[in-house]
Amino acid sequence: MIYLLVVIFIIVLVMPFLSEFVEKNLEMFLFVMGLSAALASGVLNSGLFVKAAQEPVKITLAVFIAGLLFKWFQANLERSILSVSRIMPFRLFAALTVIFLGLISSVITAIIAALVLVLIVSALRLDRSSEIRLTVLACFSIGLGAALTPIGEPLSTIAISKMKEDFFFLMELVGPQITIALLFFGIIAALAVKPPVSGKASFSKKPASENYEEIFVRALKIYFFVMGLTMLGAGFEPLINHFLIGLNPLLLYWINMISAVLDNATLAAAEISPSMDHFTVQSILLGLLISGGMLIPGNIPNIIAAGKLQITSKEWAVFGVPFGLITMIGYFVLILVTGN
């Protein structure tokens, strides 16, 4: 059984990179692999299936409702962005954008926060380097901030489900560390993003408004994504117990740099176990969340923002990888100092 689960794990890791079809249909792929892992480990029963069917409901509704609200109020939001950006010093605006999107993403979801980011960047008319830096920093912020509640992103939904904890568990476990990170990202944005040199902010290339079908399909994909991850996590329990339980949390922190090339919710489903102590889960989550911003595939907001702003993998990596490594090292020191 362990060997079969290892094979499934390897398939989950590599297939999104080997197959364009899998990459474009990642949600259904992970749903099928979740079923396979649960069958292979012998844990698939009516109880697990019902749990997997119920688990995604909250985040799916949040994504759907937030998508509708974004569509209905997009014009008002565009006007507000233009007004605020014109009256506020640019560097303060850049810092507050990064911090605010990180904080609000736990309420409006990481997906909608990424769409708001695209609106903001599209209006600012920045030089290419500054546009990439602001986008990457904001996506780091959104990726961490969304983890504060189970409706923010799939990773937080899965983590709370696996640990069998309440709505505010992650806020208590990693809230202080995430808050410090958001402030840090905001300060870096103020320093690293140059003000636009030509004219006032305006939507010279306004992002297209989504239709209702796109909003519904995206919510449906999130439902199957989280359902698949719930079964994947349950199916991988024997693998976790065999290989990860007992490993030093500091080692797990660095192992999770693979989150840079694989969506961190998938890894959270595979790694987190209720038998782990809170310090170990904290180390796993911080490793996943920080490194998830280093490359485009690491997190949902990265994929959305890079796609709509036409940022290439190389452009993202040039800034995202060294910045992510510096942040990883800083938080490693913080874990060493504050860990128990």
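1. The second largest pocket of this predicted model encloses about 460 Å³ of space. Its lining comprises 20 residues, and those closest to the pocket centre are Leu77, Phe100, Leu101, Val116 and Ile120.

2. Four helices each supply at least two residues of this lining: H5, H6 (74-87), H7 (90-108) and H8. The greatest share comes from H7, which gives 7 residues. In terms of residue class, the lining of the second largest pocket holds 17 nonpolar and 3 polar residues, with no charged residues.

3. Two of the helices that supply this lining, H5 and H8, also merit description as a pair. The axes of H5 (residues 57-72) and H8 (residues 110-124) come within 9 Å and cross at roughly 25 degrees. Because angles under 35 degrees count as roughly parallel, H5 is classed as roughly parallel to H8.

4. On the H5 side, the contact is made by Val63, Ala66, Gly67 and Phe70; on the H8 side, Ile111, Ile112, Leu115, Val116 and Leu119 take part. These residues divide into 8 nonpolar and 1 polar, and no charged residue is among them. Val116 thus appears in two settings: the contact of H8 with H5, and the set of residues closest to the centre of the second largest pocket.

5. A separate point concerns Ile180, which is placed in helix H11 (residues 169-192). Is Ile180 buried, partly exposed or exposed? Its relative accessibility is 48%, so Ile180 counts as partly exposed. Ile180 and Ala62 are 118 residues apart along the chain, and a distance of 26 Å separates their C-alpha atoms.

Key:
Residues numbered from 1 in each chain as written. Predicted model: local features only at pLDDT ≥ 70, side-chain atom pairs only at ≥ 80, totals over all residues. Heavy atoms only, no water. Axes fitted to C-alpha atoms, helices over the stretch in contact; angles between N-to-C directions. Parallel < 35°, antiparallel > 145°, perpendicular 65-115°, else oblique. Contact = heavy atoms within 4.5 Å. Nonpolar A, V, L, I, M, F, W, Y, C, P; charged D, E, K, R; others polar. 1 Å grid on protein atoms, 1.4 Å probe; cavity = no way out; pocket = protein on both sides within 12 Å on 5 of 7 lines; lining within 4 Å. Points joined across faces, edges and corners; volume = space filled by probe spheres on them. Buried < 20%, exposed > 50% of the residue type's maximum accessible area, 1.4 Å probe, protein only.
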